[in-house]
Structures are given as C-alpha cells and as structure tokens.
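Reader: I would like to go through this model step by step, with the cut-offs stated as each term comes up. Could we begin with the structure itself?

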Amino acid sequence: MNVYIVCEHASTRQRLKECLPDVTLSDRAPDAPVDLLVRWGSWHGSDLARTVLNPRHAVEACRYHQHVVRVARVNRIGAVSDPRIVARYRIYLFDMRSYAITRRVGKRWRLIKPSRTLLEKLVIRARRVLYSLGLHTGCVEMVPGASGRFLVVRVHSGPVLNRTLSQRFAKALMKFIAER
C-alpha cells in the first residue's frame, strides 16, 4: 500500500520517519495519486488518494477556533469559546481510536492510563467532536466543566508528537493498514 503523510511539523516528520520507514512523509501533498493520504495539520495541496484521512477542507477549517466551537455546539458538544483556557487533558485519536491520553502537570504533558470511566468520557467526547469536524485523526484538548461533563478547548488536526506519541501513532497507522 502506497501511504503518504503530509505533516507540517519538521520534528514530528523526522520522528515518524524513524518509526515508519516504508511511508512517505513530506510537508507537501503528493503530485500523483496514492492509496492512503494522511493529512497531519497541513491543508496545502490536493487530496489525490483513494483514501484520505483528514481531508483538506476539514484540516483548514480546524484552524479557526470559533468554527470548531460552532460545530461542536451545533452537535451538542460542550466547548469553551475562550481559546485562552488551559486544557487539562489531550486525547490523541487515529481512525477514531485513542492511542494516547495525556494530562497537564504543571507546564508539561504526561502520558496517563485513566480509569475506565474517565477514558470513556474523554474518548467518546473526543470522537464526537473529530467526527463532527470531518476529521479521522488528531488531538482534542479538554477541561472538566462545572456539571462534570468535559468541554472541548481546542482541536488539533496535526499536533506536534514527541518520540513516545510518534511510536504510538505509527503503531495505530500500521494497525489501520493491516485491517485494509
């Protein structure tokens, strides 16, 4: 399978190249059709692929916080309209499956293994917001609301990934390819 990842972050691209030697990574969309195109935060170029995860229009729309808030609210998903709010959790999804959850501890993000209840609340909400925005993969930042429900703070269609998150992303991508 000819897999092409369009990633705008040079550091993430380099880490993913180490984990995915058989995958083409670039900051530009392919000139010729490919089997699978994954847009990781980059909306430039066309979607020349048989299967596209994170289509161009969805990635571009996620750049605008108010659009994300509007779409979330239309779909009855709680969202924070003030982009200055500091998120507490980040949920990383690939093909609507979580591959990592991190929690803010001070100024850093730490990988956590949440309880089953917390996991379900975070992942279900994150899936709903990604789906409503037309995305298949990305990162959703959340904060607990006063009512106990989690509120979406922001959505990243291609967050910067450290080494551990890159390895987990690569594993999720390989599982997706194997299922095809």
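Reader: At the start of H5, which backbone nitrogen does a side-chain oxygen of Asn162 reach?

Author: This is a predicted model, in which local features need pLDDT of at least 70 and side-chain atom pairs count only at pLDDT 80 or more, while totals for chains, interfaces and linings use all residues. Residues are numbered from 1 along each chain as its sequence is written, and side-chain values use heavy atoms, with hydrogens and water left out. Helices (DSSP runs of H or I, at least four residues) and strands (runs of E, at least two) are numbered from the N terminus. At the start of H5, the side-chain oxygen of Asn162 comes to within 3.2 Å of the backbone nitrogen of Thr164.

Reader: What end-to-end reach, from first C-alpha to last, does H5 have?

Author: H5 covers residues 163-179, which makes 17 residues. The expected span of a helix is 1.5 Å times one less than its number of residues, and for H5 that gives 24 Å. The reach in the model is close to this expected value, at 25 Å.

Reader: Around the axis of H5, how many degrees of arc do its buried residues cover?

Author: Buried means under 20% relative accessible area, exposed over 50%, and partly exposed in between (1.4 Å probe, protein chains only). In H5 the buried residues are Leu165, Ser166, Phe169, Ala170, Ala172, Leu173, Phe176 and Ile177. They lie on the same side of H5 because their arc, taken from the directions from the helix axis to the C-beta atoms, is only 165 degrees.

Reader: Which residues are exposed on the other side of H5?

Author: An α-helix has 3.6 residues a turn, so residues three or four places apart point the same way. Opposite the buried side of H5, the exposed residues are Lys171 and Ala178.

Reader: Which elements do the buried residues of H1 pack against?

Author: In H1 the buried residues are Thr12, Arg13 and Leu16. Their directions fall within an arc of 100 degrees when seen down the axis, so they line one face of the helix. Packed against these buried residues are strand S1 (3-7), strand S2 (24-26), strand S3 (34-40) and H5.

Reader: Which residues is Thr12 in contact with, leaving aside its neighbours within four places in sequence?

Author: Thr12 is found in helix H1, residues 10-19, and counts as buried because its relative accessibility is 0%. With contact taken as heavy atoms within 4.5 Å, and with those sequence neighbours left aside, the partners of Thr12 are Cys7, Trp40, Pro159, Val160 and Leu161.

Reader: Which helix and which strand do the buried residues of H3 pack against?

Author: The buried residues of H3 are His65, Val68, Val69, Val71 and Ala72. Seen down the axis of H3, they fall within an arc of 165 degrees, so they line one face of the helix, whereas Arg70 and Val74 are exposed on the other side. The buried residues of H3 pack against helix H4 (116-133) and strand S9 (150-156).

Reader: Which residues does His65 touch, not counting those up to four places away in sequence?

Author: His65 has its place in helix H3, residues 65-74, and is buried because its relative accessible area is 18%. Not counting residues up to four places away in sequence, His65 touches Val80, Ser81, Asp82, Pro83 and Val153.

Reader: What value does phi of Met96 have in the loop between S5 and S6?

Author: The loop between strand S5 (89-94) and strand S6 (97-105) holds Asp95, which has a positive phi of about 50 degrees although it is not a glycine. Met96 has its place in that loop too, and is buried because its relative accessible area is 17%. Met96 is likewise a residue other than glycine with a positive phi, near 65 degrees.

Reader: What is the radius of gyration of the chain?

Author: The secondary structure comes to five helices and nine strands. The radius of gyration is taken over C-alpha atoms, and the globule rule is 2.2 Å times the number of residues to the power 0.38. For 180 residues that rule gives 16 Å, and the chain is close to it, so it is as compact as a globular protein of that length, with a radius of gyration of 16 Å.

How values were computed. Polar contact = N/O pair within 3.5 Å; in protein donor to acceptor, adjacent residues only side chain to side chain.
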